[in-house]
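User: Can you walk me through how the labels on this one were reached? I'd like the reasoning, not just the words.

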Amino acid sequence: MTALLTAEGLGKTYPGAGWRKAARPVLAGIDLALAVGECVALIGRSGSGKSTLARLLLGLEDADDGTVRFRGAPLGTLDRDGRRAFRAAVQMVLQDPLSAVNPRHSIGRIVAEPLRHLTGLSGPEREARAAEVLDMVGLDPAEAGRLPGQLSGGQVQRVGLARALATRPALVLLDEAISNLDAPRQVDILDRLSDLRRRHGTAFLLVTHDVRLARRFADRVVVLSEGRIVDMSACRSGLGRTCLTLSHPAACALVDAVLPATPKEIG
């Protein structure tokens, strides 16, 4: 498969806080590749470095070591047009929906915002596309004039997802983006995203601590522990279920905390 986004030897260390505090290494030696149309789940406990890796992959922070490449080109070498194309092609949805939207802007304006900055669409075309993606995530386009405060938390999370999908991205990074939803809404969102993958070839990186979500949605699961990738497994489908096999003790402990049966093979 064609590589869409790759990380090669990524490392990140944050300076210590306060007097004589030691620097804190967060990531080291990260090698990861996402193919066109692939869904990869990145799982790990809180503090394992998942969100830091997500920020490095999106170019929101610079790595201390290693390189992130988008379609073969290092992010640091992209010119203005290349960075604009990267921003349109790689989108992110955060865990806290209300912190990611302007409460004074209408839903329609929030969803159309990346279209205004990253595409050449006219006003009516942006409005039509916003209505299309709102419907895609299960929201009524007729309510595009409402404010975020008039919606439930789950609905605002869908608004964030619609905004991420508006530019027709090649890759969407979901950073614990559905963890706060109840189980039926999680399943509904994942099923909608799976349909999007089938129809448009959109790739996803699902950052989560929830093994169940990873197993349901991903082609491949990558386990992060203490800033390093310690395990990786393809999700295998068969007999009406999906299985993944993990072997590293940290990965098995993470799985065992969620599914306390046999940690090595989950199905």
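Here are some questions and answers on this predicted model.

User: Why is cysteine 39 called buried?
Analyst: Buried takes a relative accessible area under 20%. Cysteine 39 comes in at 0%, so cysteine 39 meets the cut-off.

User: What does cysteine 39 touch, leaving out residues up to four places away in sequence?
Analyst: Contact asks for heavy atoms within 4.5 Å. On that basis cysteine 39, which is found in strand β3, touches Arg197, Phe204, Phe217, Ala218, Asp219 and Arg220.

User: What makes strand β8 largely enclosed by the rest of the structure?
Analyst: Strand β8 spans residues 203-208, and 6 of the 6 are buried, so the label follows. Ala203, Leu205 and Val207 point one way, with Phe204, Leu206 and Thr208 pointing the other way. In a regular strand, side chains alternate between the two faces of the sheet.

User: How do you know that β3 and β8 pair?
Analyst: Pairing needs at least two bridges. β3 (residues 39-43) and β8 have 5, in the parallel sense, so they count as paired. Valine 40, for instance, has leucine 205 as its bridge partner in β8.

User: And what makes β7 and β8 a pair?
Analyst: The bar is again at least two bridges. β7 (residues 171-175) and β8 show 5 bridges, also parallel, so the pair qualifies. Here leucine 205 is the bridge partner of leucine 173.

User: Which helix joins β7 and β8 in a β-α-β unit?
Analyst: That's helix α6 (residues 183-200), and the unit is right-handed.

Definitions and conventions: Residues are numbered from 1 along each chain as its sequence is written. This is a predicted model: local features need pLDDT of at least 70, side-chain atom pairs count only at pLDDT 80 or more; totals for chains, interfaces and linings use all residues. Side-chain values use heavy atoms; hydrogens and water are left out. Buried means under 20% relative accessible area, exposed over 50%, partly exposed in between (1.4 Å probe, protein chains only). Helices (H or I, at least four residues) and strands (E, at least two) are DSSP runs, numbered from the N terminus. A crossover is right-handed if, with the strands pointing away from the viewer, the path from the first strand over the helix to the second runs clockwise.
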